[in-house]
Amino acid sequence: MAARMKLKLKTVFVLYFMVSLMGLIYALMQLGQHCDCAEHDLPKDRAISRLQEELYRLQGQIRQLEKAKQPEKKQPPKSSLSTIFVITPTYARLVQKAELTRLSQTFLHVPQLHWILVEDSPRKTPLVSNFLMKSGLTYTHLNVPTAKERKLQEGDPSWLKPRGVEQRNEGLRWLREDRKTEPGDDGQQGVVYFADDDNTYSLQLFEEMRSTQRVSVWPVGLVGGMKFESPVVEGGKVVRFHTGWRPSRPFPMDMAGFAVSLRLVLANLDACFDGEAPMGFLESSLLKGLVTVDELEPKADNCTKVLVWHTRTEKPKMKREEALQVQGLGSDPAVEV
Ligand code: UGA
Ligand code: MN
């Protein structure tokens with residue numbers, strides 16, 4: 001009954017547009033008639049372009065209505081897809097909003113994604129709070145500051161201390177608390193991925209990781225001083241790792257190169273990132289509590305496709321800004337960048 005009403009309504013709409021269209025076309029034809037009064041030309045031109053705009057608008061609406069009439073593409077119902085929980089540490093800096101914008105607009109294309117954004121800060125900042133509110137994503141906003149002795153100081157080389165550790169652990173803590181349901185419950189179905197805010201992610205990557213049973217793995221582009229690093233797969237199993245540095249690490253992989261099933265995260269309450277781990281061992285500090293190398297599930301065509309890139313954003317130079325600030329002519333601080 002409701003469907004028939006909807007159909008009728010659509011027919012009425014289409015008829016209404018057809019009639020409006022015909023009226024417009026008639027009006028356009030009338031205006032197009034030859035007139036030898038030169039002073040009438042200007043308002044006439046304006047009227048024509050206004051009518052043309054209206055015509056385009058109506059055509060657009062008709063196209064949208066027709067699109068709505070077409071049967072939807074066959075996709076599994078949303079609820080049958082595993083939710084992907086993406087944990088992202090982030091910290092205040094000039095490029096933060098730009099990074100979060102790029103990231104969130106990728107995530108908007110991924111069905112069933114829940115973003116856990118964890119600020120490295122003692123408080124939730126207005127910039128991130130407002131940003132998330134307007135993002136259109138399903139999200140959880142958390143914050144925890146990195147302990148002072150663990151935080152990189154101005155001028156420190158970036159590799160000196162691991163970054164985003166407390167924040168990822170806070171994301172795991174929240175998930176374990178939030179999903180504390182009976183084993184076997186649907187609430188435990190899902191995938192956890194640690195996505196730094198500066199990398200570049202292909203949409204295909206999320207579909208690859210969605211079927212993770214324990215820990216899935218794939219190559220990461222532009223990382224570790226290499227074109228890519230990757231697990232090496234033989235006979236469907238990970239047998240070693242293609243990396244330029246310390247292949248003897250338990251899991252010589254970048255953070256962007258693996259995802260963990262939520263079930264595994266919930267079954268191993270002690271597994272977390274170790275902020276004291278030596279350089280390059282951060283990923284291993286979590287994974288060694290969860291899987292063995294031969295249990296890893298290779299994705300991305302047996303680890304032959306690069307679907308994520310460890311890009312890093314250049315720090316913007318503020319020389320001119322600082323010079324203008326001295327003269328009291330700096331950029332308006334009320335404008336959020
Ligand atoms: C590499 C890895 O890709 C990271 O996953 C790993 O955490 C890092 O090394 C490390 O060794 O700790 P890299 O590009 O050097 O990444 O690190 P960043 O992108 O600067 O930081 C990783 C994440 O932590 C980002 O999401 C960043 O926003 C966040 N972060 C960074 C903080 O939350 N606080 C900081 O003070 C710095
Ligand atoms: Mn990075």
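Is T88 buried or exposed? T88 is buried, because its relative accessible area is 0%, and buried means under 20%. The views below come from a predicted model.

**View 1. T88 sits in strand β1.** This strand covers residues 83-90. The side chain of T88 makes a polar contact with the side chain of W115. The distance is 2.9 Å. Beyond its neighbours within four places in sequence, T88 is in contact with L103, W115, I116, L117 and V118. A195, D196 and D197 are also in contact with T88.

**View 2. D198 provides the protein donors of the manganese ion, ligand 2.** Both listed donors are OD atoms of D198. They lie 2.2 to 2.7 Å from the ion. D198 itself is in a loop. That loop runs between β4 (190-194) and β5 (200-201).

**View 3. D198, K151 and R312 each place a polar side-chain atom by an oxygen atom of ligand 1.** For D198, the distance is 2.9 Å. For K151, the distance is 3.0 Å. For R312, the distance is 3.1 Å. The protein covers 88% of the accessible area that ligand 1 has on its own, which is 680 Å².

**View 4. A shell of 18 residues surrounds ligand 1.** The closest are P89, D120, R163, D196 and D254. D196 is also among the contacts of T88. By class, the shell has 10 charged residues. It also holds 5 nonpolar and 3 polar residues.

Terms used
Residues are numbered from 1 along each chain as its sequence is written. Chains are lettered from A and ligands numbered from 1 in the order in which they are written. This is a predicted model: local features need pLDDT of at least 70, side-chain atom pairs count only at pLDDT 80 or more; totals for chains, interfaces and linings use all residues. Side-chain values use heavy atoms; hydrogens and water are left out. Helices (H or I, at least four residues) and strands (E, at least two) are DSSP runs, numbered from the N terminus. Buried means under 20% relative accessible area, exposed over 50%, partly exposed in between (1.4 Å probe, protein chains only). A polar contact is a pair of N or O atoms within 3.5 Å; within protein, one must be able to donate a hydrogen and the other to accept it, and residues adjacent in sequence count only if both atoms are side-chain atoms. Contact means heavy atoms within 4.5 Å. Donors are N, O and S atoms within 2.8 Å of the metal (3.2 Å for Na, K and Ca); water is not among the atoms, so sites may look incomplete. A residue is near a molecule or strand if one of its heavy atoms lies within 4 Å of it. Accessible areas come from the Shrake-Rupley method with a 1.4 Å probe; for residues, only the protein chains shown count as cover. Ala, Val, Leu, Ile, Met, Phe, Trp, Tyr, Cys and Pro count as nonpolar, Asp, Glu, Lys and Arg as charged, and the others, Gly among them, as polar.
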